[in-house]
Amino acid sequence: SKIFAIDSLGNTKWNWESPESNKEIGVAGLYQTDEGNWAYATTKCIYNTTYAEYQCKPKFIIRDANFKVLSELAFGVGDSPRNRFKHITQLSDGSWLCVGTRSVRYPIAPYVAWDSFNSTSGWMVKVSPQGDSLWGRIDTAYWNSEYGSYNELRSAIELPSGSIIACGETQTLDTLLGLKSWGWLLKV
């Protein structure tokens, strides 16, 4: 992961880089808090030699102004390369909302092997200002009993009422129509 500031002329003012490892790959939704801390989502990855792919586990991190870890929270199980947060936003009560994708094995057709998934679903997690998990939910906008589904949440905002609007994409695969992508809007 690398975080850096660039001035209006394109010069790098400062930069920070995480140690090289699979414990923190990428930065999603970087926020600087009122206290000067940095909050963002990242991904911890483990290489699975059986499937020759990375198994990902999203993390939410808060670092101080000098990038020392103040809070670090991992979510879910590192069992799929599709588990990751794509966006975070701070809510009016100081908590954080992370949105992205989570691989799921639903007990309905299409039936899959015990170690496979038949859905990539939208994933939403709320984190306290201190970095503790408050709640999470997994949603699937579209389902096909032949092919399963692909759904992701990419962004979210909070309404003045406190409700959350999240948006993303769902893909449909039909033998007659082929692959199509659709916008997806969810109110929580």
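Here are some questions and answers on the aromatic pairs, cores and strands of this predicted model.

Residues are numbered from 1 along each chain as its sequence is written. As this is a predicted model, local features need pLDDT of at least 70 and side-chain atom pairs count only at pLDDT 80 or more, while totals for chains, interfaces and linings use all residues; side-chain values use heavy atoms, with hydrogens and water left out.

Reader: How many aromatic pairs does a search of the whole structure find?
Author: Rings of Phe, Tyr and Trp (its six-membered ring) pair if their centres lie within 6.5 Å; planes under 30 degrees apart are stacked, over 60 edge-to-face, and the rest tilted. Run over the whole structure, the search turns up this many aromatic pairs: ten.

Reader: Is the pair of Trp16 and Phe67 stacked or tilted, and what is the angle between the planes?
Author: Trp16 is in strand β2 (residues 12-17) and Phe67 in the loop between β5 (53-63) and β6 (69-74), 51 residues apart. Strands here are DSSP E runs of at least two residues and helices H or I runs of at least four, numbered from the N terminus. Ring centres are 4.9 Å apart, and the pair is stacked, with the planes at 10°.

Reader: Are Phe85 and Trp123 buried or exposed?
Author: These two make a tilted pair, 5.2 Å centre to centre with 40° between the planes. Phe85 belongs to β7 (residues 84-90) and Trp123 to β9 (residues 119-127), 38 residues apart. Buried means under 20% relative accessible area, exposed over 50%, and partly exposed in between (1.4 Å probe, protein chains only). By that rule, both Phe85 and Trp123 are buried.

Reader: Which ring does the charged end of Arg102 sit over?
Author: For this, CZ of Arg or NZ of Lys has to be within 6 Å of the ring centre and within 35 degrees of the ring normal. Arg105 gives one such case, over the face of Phe117 at 5.3 Å from the ring centre. For Arg102 the distance is 5.5 Å, and the ring is that of Trp123.

Reader: Which strand gives the largest share of the largest nonpolar core?
Author: A nonpolar core is a set of buried Ala, Val, Leu, Ile, Met, Phe, Trp, Tyr and Cys residues joined through side-chain atoms within 4.5 Å. The largest one has 14 residues, with Phe60, Phe75, Phe85, Ile88, Trp96 and Val127 making the most contacts inside it. β4 (38-48), β5, β7, β8 (96-104) and β9 each supply at least two residues. The largest share, three residues, comes from β9.

Reader: Which strands stand at the edges of the open sheet?
Author: Two strands pair if DSSP finds at least two bridges between them. Here four strands run β3-β4-β5-β6 with antiparallel pairing. Each edge strand has a single partner, so one side is left without a neighbour in the sheet; these strands are β3 (25-32) and β6.

Reader: Which residue in the β3 to β4 turn has a positive phi?
Author: Four bridges join these antiparallel strands. Ile25 stands opposite Thr43, and Gln32 has Trp38 as its bridge partner. Five residues lie between the strands of this hairpin, and the one with a positive phi, about 90°, is Gly36.

Reader: What is the relative accessible area of Leu179?
Author: Leu179 is in strand β13 (residues 178-187). Contact means heavy atoms within 4.5 Å, and, not counting residues up to four places away in sequence, Leu179 touches Gln171, Thr172 and Leu173. Leu179 is exposed, with a relative accessible area of 57%.
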